[in-house]
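The questions below go through one protein model, from its cores to its loops. Each is answered from the coordinates.

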Amino acid sequence: MLQVGGRGAARCVLAPLALVALGSGLLASCSDNRGDSVAVLGDSITTLDETDIRTQLGDEFSFTISGNFGKTAAEVLPEAEIVATRPHDQLIINLGTNDVLQGLPVADSMKSLEQMIAMYDTSRCIFLVNINEHMVDQGTGKSVSDQAKQFNRSLSDLAKTDGRISIIDWNSTAATQLNGANPPYSDLTSDSIHPTQEGDALLNELYRKSLEGCGQVS
């Protein structure tokens with residue numbers, strides 16, 4: 001499902017923090033990237049987060065969001081090609097969870113992501129969201145941590161091949177609130193995979209920080 005959001009006018013605003021995740025208060029947001037067109041390619045995590053993305057970030061950026069339930073990186077390639085027919089200033093790819101859960105070879109997943117990235121040759125910044133390393137296979141109840149760690153290592157290697165690419169570290173955020181289950185998983189997810197409302201709020205703040213920082217020298 002594709003939807004295009006509106007473009008903000010001013011470059012400097014006060015952006016409300018996600019109250020449930022970060023406490024009350026306002027964060028001053030001044031970014032030269034305000035109004036950028038942003039493509040987001042993902043799976044069900046993105047589909048379920050779409051409304052919150054637009055609520056939290058829609059005043060700053062114009063979004064084209066493609067969430068694809070249950071799909072791997074390779075399976076999202078046709079949708080990515082459709083989205084790429086329109087140029088986007090920035091790109092977020094949040095894929096790989098289903099690749100790991102389905103036991104696909106990591107090398108094949110990276111090849112698909114490379115193909116996807118190549119479609120967005122005019123995007124100034126590309127962000128790859130790493131995957132939660134404390135996922136549990138919903139069918140067997142077994143941890144897929146080792147596979148997820150391997151995927152994330154390869155994702156970091158992929159990011160080094162293009163100066164436009166950075167990693168959004170969802171894994172570290174999810175790992176800050178592990179529960180007492182066996183195997184443990186993040187309380188920022190409802191089922192070890194899909195973020196809760198609080199998890200979405202934190203993930204979207206990671207998106208905001210990355211999008212605002214595109215092109216800035218740290």
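Q: Which residues have the most contacts inside the largest nonpolar core?
A: This is a predicted model, and its largest nonpolar core has 29 residues. β3 (37-43), α3 (73-83), β5, α5 (106-118), β6 (125-129) and α6 (145-159) each supply at least two residues of that core. The residues with the most contacts inside the core are Leu41, Ile93, Leu113, Met116 and Leu128.

Q: Which residues does Met116 touch, not counting residues up to four places away in sequence?
A: Met116 is one of the residues with the most contacts inside the largest core. With residues up to four places away in sequence not counted, Met116 touches Leu41, Ala73, Val76, Leu77, Ala80, Ile93 and Leu95.

Q: How many residues are in the other core, which lies apart from the largest one?
A: Ile53, Cys125, Leu203 and Tyr207 are among the members of this other core. Ile53 belongs to α2, and Leu203 and Tyr207 belong to α8. The count for this core is 21 residues.

Q: At roughly what angle do the axes of helix α2 and helix α8 cross?
A: Two packed helices are described by the angle between their axes and the distance between the axes. Here α2 covers residues 44-57 and α8 covers residues 197-213, and their axes come within 10 Å. The crossing is right-handed. The angle is roughly 65 degrees.

Q: How do the residues of the contact of α2 with α8 divide into nonpolar, polar and charged?
A: From α2 come Ile45, Leu48, Asp49, Asp52, Ile53, Gln56 and Leu57. They meet Asp200, Ala201, Leu203, Asn204, Glu205, Tyr207 and Arg208 of α8. The division is 7 nonpolar, 2 polar and 5 charged.

Q: How do the residues of the contact of α5 with α6 divide into nonpolar, polar and charged?
A: The axes of α5 and α6 come within 10 Å and cross at roughly 35 degrees, and this crossing is right-handed. Val106, Ser109, Met110, Leu113, Glu114 and Ile117 of α5 make the contact with Gln150, Phe151, Ser154, Leu155 and Leu158 of α6. The division is 7 nonpolar, 3 polar and 1 charged.

Q: Is Asn132 buried or exposed?
A: Asn132 sits in the loop between β6 and α6. Setting aside residues up to four places away in sequence, Asn132 touches Ala148, Trp170, Asn171, Ala174, Thr189 and Ser192. Its relative accessible area is 2%, so Asn132 is buried.

Q: How far apart in space are His194 and Asn132, C-alpha to C-alpha?
A: His194 is placed in the loop between α7 (170-174) and α8, and His194 counts as buried because its relative accessibility is 18%, where the cut-off is under 20%. Its contacts beyond four places in sequence are Ser44, Ile45, Leu48, Leu188 and Thr189. Along the sequence, His194 and Asn132 are 62 residues apart. In space, the C-alpha separation is 9.7 Å.

Q: Which residue has a positive phi although it is not a glycine?
A: The residue lies in the loop between α7 and α8. At 0% relative accessibility, it counts as buried. With a phi of about 85 degrees, it is Ser192.

Q: Which peptide bond is cis, with omega near 0 degrees?
A: The proline of this bond, Pro183, lies in the loop between α7 and α8. The cis bond runs from Asn182 to Pro183.

Q: Is Gly163 buried or exposed?
A: Gly163 is in the loop between α6 and β7 (165-168). The C-alpha atoms of Gly163 and Cys125, 38 residues apart along the chain, are separated by 8.5 Å. Because its relative accessibility is 84% and the cut-off is over 50%, Gly163 counts as exposed.

Q: Over which residues does pLDDT stay under 50?
A: The mean pLDDT of the protein is 89, and 85% of its residues reach 70 or more. Among the elements, strand β5 (residues 90-94) has the highest mean pLDDT, 99, and helix α1 (residues 19-22) the lowest, 40. Where pLDDT is low, the predicted coordinates should not be read in detail. The stretch under 50 is residues 1-29.

Conventions
Residues are numbered from 1 along each chain as its sequence is written. This is a predicted model: local features need pLDDT of at least 70, side-chain atom pairs count only at pLDDT 80 or more; totals for chains, interfaces and linings use all residues. Side-chain values use heavy atoms; hydrogens and water are left out. Axes are lines fitted to C-alpha atoms, for helices over the stretch in contact, and angles run from 0 to 180 degrees between N-to-C directions. Helices (H or I, at least four residues) and strands (E, at least two) are DSSP runs, numbered from the N terminus. A crossing is left-handed if the near helix is turned anticlockwise from the far one by less than a right angle, and right-handed if clockwise. Contact means heavy atoms within 4.5 Å. Ala, Val, Leu, Ile, Met, Phe, Trp, Tyr, Cys and Pro count as nonpolar, Asp, Glu, Lys and Arg as charged, and the others, Gly among them, as polar. pLDDT is the predictor's confidence in each residue, from 0 to 100. A nonpolar core is a set of buried Ala, Val, Leu, Ile, Met, Phe, Trp, Tyr and Cys residues joined through side-chain atoms within 4.5 Å. Buried means under 20% relative accessible area, exposed over 50%, partly exposed in between (1.4 Å probe, protein chains only).
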